Amino acid sequence: MKKLIDFEILLFGAVLLFKLLMFNRLIGSDTGNIALLASIMGTVLTLVCWGNLLKGRLRRVFLYAADCTVTFIIIADLLFYRYFSSVISIYTLAQASDISSVKSSIISLIHISDVLFIMDLLIIPFTLHSANKVIKETSSSCGKRIVRAVSAFIAGIGLCSYGVSNLLKTQPRILDSFYDRVYIVQNIGLLSFHSIDAFRFMESNRNETQPVSEDKKEELKGYFRNKRDETTTDPEFFGAGKDKNLIVIQVEALQGCVIGRKINGREITPNLNKLIKSSLYFDNYYTQTAGGGTSDAELLSNVSLYPAKEGAAYIRFSGNDYYSLAKRMKEKGYYASTMHACRPGFWNRSVMCKSLGFDEFISKNNYSHDEICGMGLSDKSFFRQSLEYMEKHKEPYYSLLITLTSHHPFNNDKKYYSSFEVGEYKDTLFGNYLEAIHYTDEALGEFIGELERRGIADRSVLAVYGDHFAIPKDKKDYLAEFLGIEDMNDYYWTKQQRVPLIIHLPGQKRGVIKHIAGGGIDFMPTILNIMGVDGRNMPMLGRDLLNSREGMAVLRHGHFITDKYICLTSLGVAYDAESGSIYPIEKLNKEREFAAKQLEYSDIITENNLIKELTEHLQLNR
Ligand code: GP9
Ligand code: MN
């Protein structure tokens with residue numbers, strides 16, 4: 001019967017519509033938005049309409065397979081969103097092999113209510129089987145079926161276009177730069193987003209082979225020449241750590257909000273708090289990572305370039321000729337090593353460590369796995385063993401240590417933890433984080449104690465920073481409660497993207513707090529100056545935070561923070577950084593242009609492997 005034909009397509013269409021709308025609801029869309037509804041209906045129509053061309057069992061199989069595929073996409077995006085506060089881009093799929101290593105994280109992201117997404121896949125086959133016994137199908141002519149399929153497809157495209165044009169009315173450039181993927185999905189739905197993403201991927205693959213124009217190269221060369229010429233020739237702190245070892249600790253998920261805070265009367269990070277009292281402390285330092293997570297933090301700090309706009313630069317651009325911190329220090333006679341007790345292939349580090357010029361990458365394969373905690377070796381054991389490796393290295397050395405225990409979802413095996421009471425947060429993700437970061441702080445304290453006991457501290461500069469945020473957006477209420485913020489709005493949320501940067505100079509007794517705005521991109525120029533190494537002919541996009549009048553942290557999706565303002569570019573709103581009151585965004589046009597250029601330059605350099613050429617240019621044109 002014709003009714004059965006329509007019924008099947010209608011049934012699957014309705015189910016898909018419901019699921020896609022439910023997804024949008026979960027990521028905070030206004031599901032009453034007509035353009036969004038039209039766009040989602042349009043994508044469903046363009047998909048199920050082909051069922052008209054098939055008959056009987058084949059049609060059912062097709063519709064069922066379409067349902068399964070869309071459900072898989074929805075669930076994958078939902079889990080990704082809960083962790084990264086973003087949706088998957090096709091570039092991130094290149095990292096799929098690493099996803100299995102964060103299995104426990106993935107499981108913790110699943111909610112019981114997610115079963116709603118798969119229920120139909122279990123029920124529908126039975127329903128259709130019973131219906132089939134009652135109603136016998138008669139076929140309409142082939143011509144009619146083709147007409148039905150094509151007209152439904154055209155109608156679907158029309159509805160999608162309406163959704164997209166509506167989005168472009170408010171955000172005309174959003175589909176060029178994709179600066180806010182969630183915003184796109186919130187406005188046009190998941191399937192339209194993925195279709196555009198796939199199209200962009202194919203386009204960018206074509207574009208990547210096209211060389212950057214000579215004019216653009218000249219613009220970049222001019223920019224770096226000016227930047228260098230404007231840099232002071234007599235910088236403060238220059239050489240404060242000259243010829244000393246450089247020990248850099250990148251701490252997993254060390255978020256600024258725990259520094260200096262107590263819970264139940266006990267400090268969460270007593271050792272870091274103590275270190276701050278005799279160090280340079282940058283308290284307005286932002287995470288600028290993107291799709292490459294931890295590896296982006298490594299990239300930012302070691303080459304002073306921004307992460308890739310899609311996916312992870314560590315994976316996409318590992319073949320570039322980077323002029324990194326390690327290479328520069330090696331020119332000064334340093335031995336450079338990086339230590340991280342994880343699989344060497346994770347984030348493509350085994351390849352990237354070579355590209356960055358490290359002499360050695362001490363990875364999971366080199367450590368004895370005597371204390372396994374969470375994602376791998378416990379931080380305490382990691383520090384203990386890393387110190388033994390460091391002692392074998394010829395001084396001076398640059399060692400980059402990357403910790404692991406305080407990795408999301410923070411529900412590590414606690415048998416190695418000392419007790420730390422988190423009160424009302426016990427057994428919540430937030431409470432687990434506090435326990436984990438307290439443990440990492442304890443491990444750090446032991447490590448610093450050992451450095452002092454062995455006399456290494458006096459011969460070293462020690463830098464500690466957090467790689468990125470710890471608390472995902474869907475748990476922001478915990479953070480709000482903990483910090484006493486009534487409404488964790490965009491202003492407060494952006495401020496929580498701070499991570500601490502602490503630099504302890506050899507023999508330093510007195511702490512200095514620097515409020516200048518900055519981020520990972522500024523680490524390399526700042527530390528090179530401290531180490532007494534001239535970095536002025538290196539094409540770095542960051543600035544020396546100890547010798548700059550003004551600071552700015554540009555986040556990968558285009559938002560930025562200056563010493564005075566917070567500008568959420570894609571949302572079209574700016575705030576006074578101190579008070580949180582609205583600031584007219586049009587007064588920040590110059591800054592907006594600068595921030596956009598920073599990201600543009602970084603992308604051009606990375607995508608066209610221009611570092612070597614720019615360096616040679618700067619060296620020749622002193
Ligand atoms: C694994 C660790 C985790 O090696 O760096 O990376 P993340 O998931 O935080 O990006
Ligand atoms: Mn990390």
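1. Let's start with a small pairing: Leu568 has Val573 as its bridge partner in strand 18. Strand 17 and strand 18 (residues 573–576) are antiparallel and share four bridges. Here and below, helices (H or I, at least four residues) and strands (E, at least two) are DSSP runs, numbered from the N terminus, and two strands pair if DSSP finds at least two bridges between them. The hairpin of strand 17 and strand 18 has four residues between the strands, and in it Gly572 takes a positive phi near 70°.

2. A word on the ground rules. This is a predicted model, in which local features need pLDDT of at least 70 and side-chain atom pairs count only at pLDDT 80 or more, while totals for chains, interfaces and linings use all residues. Residues are numbered from 1 along each chain as its sequence is written, chains are lettered from A and ligands numbered from 1 in the order in which they are written, and side-chain values use heavy atoms, with hydrogens and water left out.

3. Back to strand 17 (residues 565–568), which is covered on both faces: Tyr565 and Cys567 on one side, and Ile566 and Leu568 on the other, are all buried. Buried means under 20% relative accessible area, exposed over 50%, and partly exposed in between, with a 1.4 Å probe and protein chains only. In a regular strand, side chains alternate between the two faces of the sheet. Strand 17 also has an antiparallel link of two bridges to strand 16 (residues 560–562), where Phe560 is matched with Cys567 of strand 17. Strand 16 and strand 17 make a hairpin with two residues between them.

4. Next, the open sheet. It has eight strands in the order 7-6-10-1-11-12-4-13, with mixed pairing. Strand 7 and strand 13 (512–514) are the edges; each has a single partner strand, so one side of each lacks a neighbour in the sheet. On average, neighbouring strands of this sheet are turned by 15° against each other, direction ignored. Axes are lines fitted to C-alpha atoms, for helices over the stretch in contact, and angles run from 0 to 180 degrees between N-to-C directions.

5. Two helices lie on this sheet. Between its strands 11 (residues 460–466) and 12 (residues 501–504) there are four bridges in the antiparallel sense, and Ala463 has Ile503 of strand 12 as its bridge partner. Helix 18 (residues 429–453) packs on the sheet and touches strand 1 (245–251), strand 10 and strand 11, its direction making about 170° with that of strand 1. Helix 21 (residues 523–530) packs on the sheet too, touching strand 1, strand 4 (280–282), strand 11 and strand 12, at about 165° to the direction of strand 11. Contact means heavy atoms within 4.5 Å.

6. Strand 6 (residues 335–339) deserves its own look. Four of its five residues are buried, so strand 6 is largely enclosed by the rest of the structure. Five bridges tie strand 6 to strand 10 (residues 397–402) in parallel, with Thr338 partnered by Leu400 of strand 10. Strand 6 is also parallel to strand 7 (residues 360–362), over three bridges, and Met339 stands opposite Ile362 in strand 7.

7. Now a helix pair. Helix 2 (residues 34–48) packs on helix 9 (residues 181–188) at about 85°, with the axes 6 Å apart. That makes the two helices roughly perpendicular, where angles under 35 degrees count as roughly parallel, over 145 as roughly antiparallel, 65 to 115 as roughly perpendicular and the rest as oblique. Ala35, Leu36, Ser39 and Ile40 of helix 2 meet Val185, Gln186, Asn187 and Ile188 of helix 9.

8. Helix 23 (residues 611–620) has Ile611, Leu614, Thr615, His617 and Leu618 buried. Down the axis of helix 23, these buried residues fall within an arc of 160°, so they line one face of the helix; the arc is that of the directions from the helix axis to the C-beta atoms. They pack against helix 11 (214–230) and helix 22 (589–608).

9. Finally, is Lys19, in helix 1 (residues 2–26), buried or exposed? Lys19 is buried, with a relative accessible area of 1%. Leaving out residues up to four places away in sequence, Lys19 touches Asp67, Thr71, Ile74, Phe117, Asp120 and Leu121. Phe193 belongs to helix 10 (residues 190–208) and is buried at 0% relative accessible area.
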